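Here is a short tour for someone meeting this structure for the first time. Have a look at the sequence and the 3D view, then read on.

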Amino acid sequence: MFLSLFADKQISFSKSKNNVHDQIIAGARLRNTLRDELERKEKLLVVSSDKNGFIEAKLRSQLAQNAANSRYIAETKNLNKGLADQISSLGMEFDQYRNRYRDHIWKSAIGEKFESLTLRNGRKYEHVVITRITSEGISILHSHGSARIPYTNLENSWKDRFQWHGH
């Protein structure tokens, strides 16, 4: 019986020895798998960190560019406002000049004489003298009396001369 018990113990010990050995091998395999997985994840983390660093640098660069663009837009708006003010001022100066020129032309034409004046509608006046010029047209004396002629009834050459195009 002793031998039988010893044999059972030996078999049982042998089985547990094999079991422990299998567990050690399985543990080593698991450790190797976990180590490989850890290395793979560390590499991914480095690559990811590099990508994040690149993206962060790109974002910082873009933010700096946006700030520069905002300053440029603000400067351009100020410049545009200044140019618009200058254009408006020049427009007013031109209008004043045109009005002075028109007044001079109108005054210097008073008293001018013409043998005849034919209107766009075909009506003809003989021995014409200009007596007055206004924004609506001209007043004349002619061989049969006087007349007021709207500028719309005058030929284009008269409209050009007396600057009635703005009406």
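How many aromatic pairs does a search of the whole structure find? The search turns up five of them. Keep in mind as you read that this is a predicted model.

## The aromatic pairs

Start with Phe114 and Trp158. Their ring centres sit 5.3 Å apart and their planes make an angle of 55 degrees, so this pair is tilted. It also ties together distant parts of the chain: Phe114 belongs to strand 1 (residues 113-118), Trp158 belongs to helix 2 (residues 156-161), and 44 residues separate the two. How much of each residue can be reached from outside? Phe114 is partly exposed, at 24% relative accessible area. Trp158 has a relative accessibility of 12%, and because buried means under 20%, Trp158 counts as buried.

Another pair brings together Phe162 and Trp164. Here the centres are 5.4 Å apart with 50 degrees between the planes, which again makes a tilted pair. Both Phe162 and Trp164 are buried. Step back a little and a cluster appears: ring pairs link Phe114, Tyr151, Trp158, Phe162 and Trp164.

## The overall layout

Now for the bigger picture. The protein chain has two helices and four strands, and along the sequence they follow the pattern α-β-β-β-β-α. Of the 167 residues in the protein chain, 14% are buried.

## The sheet

The four strands make up an open sheet in the order 1-2-3-4, and their pairing is antiparallel. Which strands stand at the edges? Those are strand 1 and strand 4 (145-150); each has a single partner strand, so one side of each has no neighbour in the sheet. On average, neighbouring strands of this sheet are turned by 45 degrees against each other, direction ignored.

Take strand 1 and strand 2 (residues 124-133) as an example: they run antiparallel, and five bridges join them. Phe114, which we met in the aromatic pairs, takes part here too, with Val128 as its bridge partner in strand 2. That gives Phe114 a bridge to Val128 as well as a ring pair with Trp158.

## Along helix 1

Helix 1 covers residues 2-109, and Arg98 lies in it. Arg98 is partly exposed, at 29% relative accessibility. How far apart in space are Arg98 and Gln163? From C-alpha to C-alpha they are 8.5 Å apart, although their positions lie 65 residues apart in sequence.

Helix 1 is also home to Ile55. This residue is partly exposed, with a relative accessible area of 45%. Together with Phe54 and Leu59, Ile55 forms a nonpolar patch on the surface, and the three have about 330 Å² of accessible area together.

## Salt bridges

How many salt bridges does the structure hold? There are seven. One of them joins the side chains of Asp36 and Arg35, at 4.0 Å from N to O. Both partners are partly exposed: Asp36 has a relative accessibility of 43%, and Arg35 has a relative accessible area of 41%.

Another links Asp85 with Lys81, whose closest N and O atoms are 3.2 Å apart. These two are four residues apart in helix 1, so about one helical turn separates them. Is Lys81 buried or exposed? Lys81 is exposed, at 53% relative accessible area, while its partner Asp85 is partly exposed at 43% relative accessibility.

A further salt bridge connects the side chains of Lys124 and Glu126, at 3.9 Å from N to O. Glu126 is partly exposed, with 32% relative accessibility.

Notes. Residues numbered from 1 in each chain as written. Predicted model: local features only at pLDDT ≥ 70, side-chain atom pairs only at ≥ 80, totals over all residues. Heavy atoms only, no water. Phe/Tyr/Trp six-rings, centres within 6.5 Å; stacked < 30°, edge-to-face > 60°. Buried < 20%, exposed > 50% of the residue type's maximum accessible area, 1.4 Å probe, protein only. Patch = residues over 30% accessible without salt bridge, like charges linked within 9 Å, V, L, I, M, F, W, Y side chains within 5 Å. Areas by Shrake-Rupley, 256 points an atom, 1.4 Å probe, with all protein chains shown as cover. Pairing = 2+ DSSP bridges. Axes fitted to C-alpha atoms, helices over the stretch in contact; angles between N-to-C directions.
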